[in-house]
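Visitor: Hi, could you walk me through this one? I'd like to start with the surface and then move inward.

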Amino acid sequence: MDFKPTMLQERIATLDILRGISLLGILLVNMFAFYLPMPYIDLASWFTTPSDIVWQQNLDIYVQSSFYPLFAMLFGYGLAMQWQKAQSRQQNFYKIGLRRLTVLFVFGLLHALLIWWGDILMMYAFCGVFLLLLLRLQSVWLVTISAIIFGVFQAFMLLVVGFIHFDTKVDEYLDITSVEKAITAYGTGNWADAFMQRLTDLSIQMSIGMWFVSLFTILPYMLLGAAASKWRLVERARELKWLWIALAIGGLAIGIFVKSLPVMFTRTYLFDYLKVYIGGPILSIGYIGLIVLLCLLPVVPKLLSPFAKIGRMSLTMYILQSIIGTILFYQFGFGWYGKVSVATGVFIALGIIIVQMILAEIWLTKWRQGPLEAIWRKLTYKIKLNES
């Protein structure tokens with residue numbers, strides 16, 4: 001039997017809204033890497049002006065490390081939905097799923113080599129293969145495996161943190177030689193200079209260790225998302241309202257508290273670790289719970305429909321953000337690299353999102369999906385674009 005991609009009428013508005021909002025969060029975080037030599041500095045100690053420090057601290061608490069887990073959960077949710085649809089039609093999803101992930105990996109590779117070094121698509125495709133192998137398991141087993149993987153990583157990291165003493169203040173990292181090279185390449189160099197620097201940055205972003213660590217920092221969230229999909233937690237949100245209320249209140253309260261520890265107290269290795277690896281994912285669950293609950297109100301999905309539309313084009317919009325970011329900040333574009341404040345970076349990100357909402361509104365009046373989604377669909381399902 002032939003595989004068919006998800007049709008427009010089968011889409012769940014809340015999931016698209018979540019994807020759209022997560023794109024905003026991801027962009028706010030990625031802005032730093034667009035205009036600063038991120039691999040070579042300690043962001044929390046980089047800024048010196050009071051306003052920049054306050055803006056960075058707020059982004060650190062409310063955004064940083066909380067939106068990539070959210071997007072990973074959505075990735076797992078969506079892949080599990082496709083697997084369940086194939087199962088209901090007595091189809092073998094593994095071949096089509098592997099092809100889908102392979103195409104996504106190629107998109108990520110081209111993105112990283114030609115546009116921006118901070119790509120996440122390749123890591124998602126890599127972890128997605130392991131998720132694919134586990135999709136036939138029941139939800140409780142997916143959650144159990146997620147907890148085991150996550151727990152093993154946390155135990156190991158806490159041992160490492162404990163070895164260097166829990167109360168040790170964080171050393172302010174700065175590789176001044178690499179910083180100067182990045183500023184020269186991106187801030188004053190041409191496209192070729194930026195390309196060579198991008199390869200250097202990419203060697204850090206995509207080191208062997210990073211691939212290994214992704215199995216402990218991305219895959220567990222994908223497994224949680226897949227389990228939630230099999231339980232149909234979003235589709236049954238009204239029925240499971242009290243569960244979502246508990247997740248929203250608990251996730252927001254605990255997540256914000258844990259992520260605020262380095263700001264409220266002395267910044268130590270332990271607090272920094274807890275902020276990123278514990279507070280980050282807990283807060284992401286709180287955000288998901290809050291948005292799911294809000295979407296139960298009839299007016300909210302209509303108000304958030306611009307986010308839903310960019311969420312329907314999430315691959316295209318993610319790549320477009322990198323294109324716009326490099327044009328704005330690199331020398332072969334507007335040359336704003338290293339020349340904007342944190343607040344300005346936030347407002348630029350909001351401006352980019354608004355532009356993307358307008359583009360999505362215009363595009364989706366004529367087509368059902370974004371251009372990169374159409375290519376992805378064609379290569380995955382081996383169909384013609386005019387059959388969509």
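Visitor: Which residues make the nonpolar surface patch of about 460 Å²?
Guide: Val106, Leu110, Leu114, Trp191 and Phe332 make that patch. A patch here takes residues with over 30% relative accessible area and no salt bridge, joining like charges within 9 Å and nonpolar side chains (Val, Leu, Ile, Met, Phe, Trp, Tyr) within 5 Å. A salt bridge is a side-chain nitrogen of Lys or Arg within 4 Å of a carboxyl oxygen of Asp or Glu, and areas come from the Shrake-Rupley method with a 1.4 Å probe, with only the protein chains shown counting as cover for residues.

Visitor: Before I go on, what sort of model is this?
Guide: The model is predicted: local features need pLDDT of at least 70 and side-chain atom pairs count only at pLDDT 80 or more, while totals for chains, interfaces and linings use all residues. Residues are numbered from 1 along each chain as its sequence is written, and side-chain values use heavy atoms, leaving out hydrogens and water.

Visitor: Back to the patch, then. Which helix gives the largest share?
Guide: Helix α5 (residues 93–114) does, with 3 residues. Helices are DSSP runs (H or I, at least four residues), numbered from the N terminus. Leu110 sits in α5 and is partly exposed at 44% relative accessible area; buried means under 20%, exposed over 50%, and partly exposed in between (1.4 Å probe, protein chains only).

Visitor: Does anything sit over a ring? Which residue lies over Trp191?
Guide: Arg198 does, at 5.4 Å from the ring centre. Arg100 likewise lies over the face of Trp376, at 3.9 Å. The test is NZ of Lys or CZ of Arg within 6 Å of the ring centre and within 35 degrees of the ring normal.

Visitor: And how many aromatic pairs are there?
Guide: There are 27. Rings of Phe, Tyr and Trp (its six-membered ring) pair if their centres lie within 6.5 Å, with planes under 30 degrees apart stacked, over 60 edge-to-face and the rest tilted. Trp55 and Phe347 are edge-to-face, because their planes are at 70 degrees, with centres 5.8 Å apart. Trp55 is in helix α3 (residues 50–62) and Phe347 in helix α17 (residues 342–364), so this pair ties together parts 292 residues apart in sequence.

Visitor: Are those two buried or exposed?
Guide: Trp55 is partly exposed at 33%, and Phe347 is exposed at 52%.

Visitor: What about Tyr186 and Tyr337?
Guide: Their ring centres are 5.5 Å apart and their planes at 50 degrees, so that pair is tilted. Both tyrosines, Tyr186 and Tyr337, are buried.

Conventions. Helices (H or I, at least four residues) and strands (E, at least two) are DSSP runs, numbered from the N terminus.
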